[in-house]
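Student: I would like a close look at a single part of this model, with the cut-offs spelled out as we go. Could you walk me through it?

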Amino acid sequence: MGKLVCKKCGAEVSVPVHCGKEMHMEGDQLVCWMGPACGHQDVPEHCGTSMALKE
């Protein structure tokens with residue numbers, strides 16, 4: 001499973017799942033694989049900044 005990571009402290013959380021698959025980043029939102037009309041949410045924050053997808 002993919003991870004979101006805090007750029008400041010390195011804390012990691014799993015990428016949320018929607019409709020049975022991991023959500024993906026579109027701008028500053030996490031979006032369902034079926035599109036934003038199906039499901040979307042803000043990227044979580046940690047240490048006062050948005051988390052990023054771990055590479």
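Tutor: Happily; here is a walk from one glutamine out to its surroundings, then to the cysteines and the whole chain.

This is a predicted model, in which local features need pLDDT of at least 70 and side-chain atom pairs count only at pLDDT 80 or more, while totals for chains, interfaces and linings use all residues. Residues are numbered from 1 along each chain as its sequence is written, and side-chain values use heavy atoms, with hydrogens and water left out.

Let us start at glutamine 29, which sits in strand S6 (residues 29-31); strands (E, at least two residues) and helices (H or I, at least four) are DSSP runs, numbered from the N terminus. Glutamine 29 counts as buried because its relative accessible area is 18%, and buried means under 20%, exposed over 50%, and partly exposed in between (1.4 Å probe, protein chains only). Its side chain has two polar partners: the side chain of histidine 40, at 2.9 Å, and the side chain of aspartate 42, at 2.4 Å. A polar contact here is a pair of N or O atoms within 3.5 Å; within protein, one must be able to donate a hydrogen and the other to accept it, and residues adjacent in sequence count only if both atoms are side-chain atoms. Setting aside neighbours within four places in sequence, glutamine 29 is in contact (heavy atoms within 4.5 Å) with His24, His40, Gln41, Asp42 and Val43.

Aspartate 42 also gives us a link to methionine 25: the two are 17 residues apart in sequence and 9.6 Å apart in space, C-alpha to C-alpha. Methionine 25 lies in strand S5 (residues 24-26) and is partly exposed, because its relative accessibility is 30%. Beyond four places in sequence, methionine 25 touches Leu30, Val43 and Leu53.

Val43 leads on to the largest nonpolar core, whose seven residues are Leu4, Cys6, Val15, Met23, Leu30, Val43 and Met51. Such a core is a set of buried Ala, Val, Leu, Ile, Met, Phe, Trp, Tyr and Cys residues joined through side-chain atoms within 4.5 Å. Met51, again leaving out neighbours within four places, has contacts that include Leu4, Cys6 and Val43.

Now for the cysteines. The count of disulfides is zero, a disulfide being a pair of cysteine sulfur atoms within 2.5 Å. For cysteine 9, the nearest cysteine sulfur belongs to cysteine 47, 3.7 Å away. Cysteine 32 is likewise in no disulfide, with the sulfur of cysteine 38 the nearest at 3.8 Å. Cysteine 32 is buried, because its relative accessibility is 0%, whereas cysteine 9, at 45%, is partly exposed. Cysteine 47 lies in the loop between strand S8 (45-46) and strand S9 (49-50), and has a positive phi of about 55° although it is not a glycine. Cysteine 19, in the loop between strand S3 (17-18) and strand S4 (21-22), has a phi near 55°, also a positive value.

Stepping back, the protein has zero helices and ten strands. Its C-alpha trace spans about 30 × 20 × 15 Å along the principal axes. Of its 55 residues, 25% count as buried. Residues 24 or more positions apart account for 29% of the contacts with a separation of 6 or more.
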